[in-house]
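Colleague: I should be grateful for a close look at a single part of this model. Please describe one helix and what surrounds it.

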Amino acid sequence: MHDFQVWLVTTIYKHSPVADLMRTAWAWPIAESLHFLGLCLLVGAIGTFDLRLLGIARKVPIVAVHRFIPWGLAGFAINILTGTLFIFTEPDQYIYNPSFHFKLLFMTIGGLNAATFYLTSYRRIFGPNAPLDAPKRAKVIAAISLCAWIGVITGGRLLTFYRPAPCDGRQTSLLLACQP
Amino acid sequence: MFAFPGILVLHAIGMGFAVGVSAALDLRILGVAARIPLAEMRRFLPFLWAGFWLNAASGVLLLIGYPTKALTNPVFYLKLTLIAVAMVLLLRISRSAFAAEGITATPDRDLPPRLRTLAIASLVCWAGAITAGRLLAYTYTRLTQLH
């Protein structure tokens with residue numbers, strides 16, 4: 001994994017098409033603002049749906065609240081795009097950053113958790129005779145979703161406090177968390 | 001120094017819930033998820049308020065941490081103004097959208113057209129407040145009171 005991280009950082013530095021653009025005075029702050037807006041869309045849409053599964057606004061059919069989800073995915077897409085711009089500009093600040101590793105971990109949990117929801121609960125919740133109260137399994141998934149996205153925000157917000165320090169590149173941890 | 005990053009994290013999470021739920025309400029008024037009875041959206045509002053008060057509190061702590069940095073920056077006052085306008089808009093939206101108890105199934109075509117304008121203004125204000133907040137990190141001229 002360490003070799004892969006070093007290769008990734010080197011390759012991005014050599015070929016990044018956006019680094020020059022992102023280093024102009026306004027590009028980075030604008031991309032950051034968009035990243036925060038995407039965050040709000042994601043939490044507003046996916047969080048609202050999770051809360052509905054957990055029993056908030058229980059008179060409203062779950063399928064009706066699910067209509068917010070595309071807006072959450074739009075927020076997620078904005079953040080993948082702007083996030084990629086950041087990584088393509090300062091790859092070492094992310095690839096070697098333990099806070100970013102945790103952010104990716106929470107994103108993966110959120111993604112697999114959402115996949116689990118659609119694989120296991122979709123039919124029961126959205127089919128005919130759909131219950132107004134979500135099954136227990138869906139509630140657990142909703143709670144995990146809220147925690148995962150809060151974890152993603154936490155990992156993202158703490159990035160600047162875990163900037164990788166220089167090291168000799170011979171760490172024993174799974175992922176390199178310093179700058180070789 | 002553990003406290004400062006922790007407060008920033010809370011400020012970001014609070015933003016997600018305050019702006020996120022407010023945006024969901026605005027989108028609902030604008031026709032997204034139209035099968036949710038508009039008045040039922042009020043059930044999500046406690047999470048908006050929780051996010052708002054979390055951010056009011058964490059914001060005051062951040063201000064205490066670096067008072068000069070914020071108070072000498074005009075962008076900070078712009079951010080506060082935009083948040084104040086967004087909250088006034090929220091109250092007006094709430095009064096209009098949730099007022100009539102019992103008519104939870106009012107068809108959207110019967111909503112006052114003014115409500116759509118308020119919803120769009122709310123989205124614009126939040127986007128502006130977030131942008132102003134983010135720009136605070138780039139536009140300050142003094143970090144502390146040293147001359």
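Modeller: Two residues are in contact if their C-beta atoms, placed from the backbone, lie within 7 Å. With that cut-off, one may ask which helices the buried residues of H5(A) pack against. They pack against helix H2 (19-22) and helix H3 (27-53) of chain A, together with helix H1 (3-29) of chain B. This is a predicted model. The residues of H5(A) that count as buried are A:Trp71, A:Gly72, A:Gly75, A:Phe76, A:Asn79, A:Leu85 and A:Thr89.

The length of this helix can be checked as well. Helix H5 of chain A covers residues 69-89, and because a helix should span 1.5 Å a residue, its 21 residues should reach 30 Å; the end C-alpha atoms are indeed 30 Å apart.

Chain B, which supplies H1 to this packing, has 5 helices and 0 strands, in the order α-α-α-α-α along the sequence. Its C-alpha trace spans about 60 × 25 × 20 Å along the principal axes. Of its 147 residues, 35% count as buried.

H1 of chain B and H3 of chain A appear again around helix H5 of chain B: the cover of the buried residues of H5(B) includes both of them, together with helix H4 (74-98) of chain B. Among those buried residues are B:Cys125, B:Trp126, B:Ile130 and B:Arg134. H5(B) runs over residues 113-139, and its 27 residues reach 38 Å from the first C-alpha to the last, close to the 39 Å expected.

Note on methods:
Residues are numbered from 1 along each chain as its sequence is written. Chains are lettered from A and ligands numbered from 1 in the order in which they are written. This is a predicted model: local features need pLDDT of at least 70, side-chain atom pairs count only at pLDDT 80 or more; totals for chains, interfaces and linings use all residues. Helices (H or I, at least four residues) and strands (E, at least two) are DSSP runs, numbered from the N terminus. A residue is buried if 20 or more other C-beta atoms lie within 10 Å of its own, exposed if 12 or fewer, and partly exposed in between; C-beta atoms are placed from the backbone. The expected span of a helix is 1.5 Å times one less than its number of residues.
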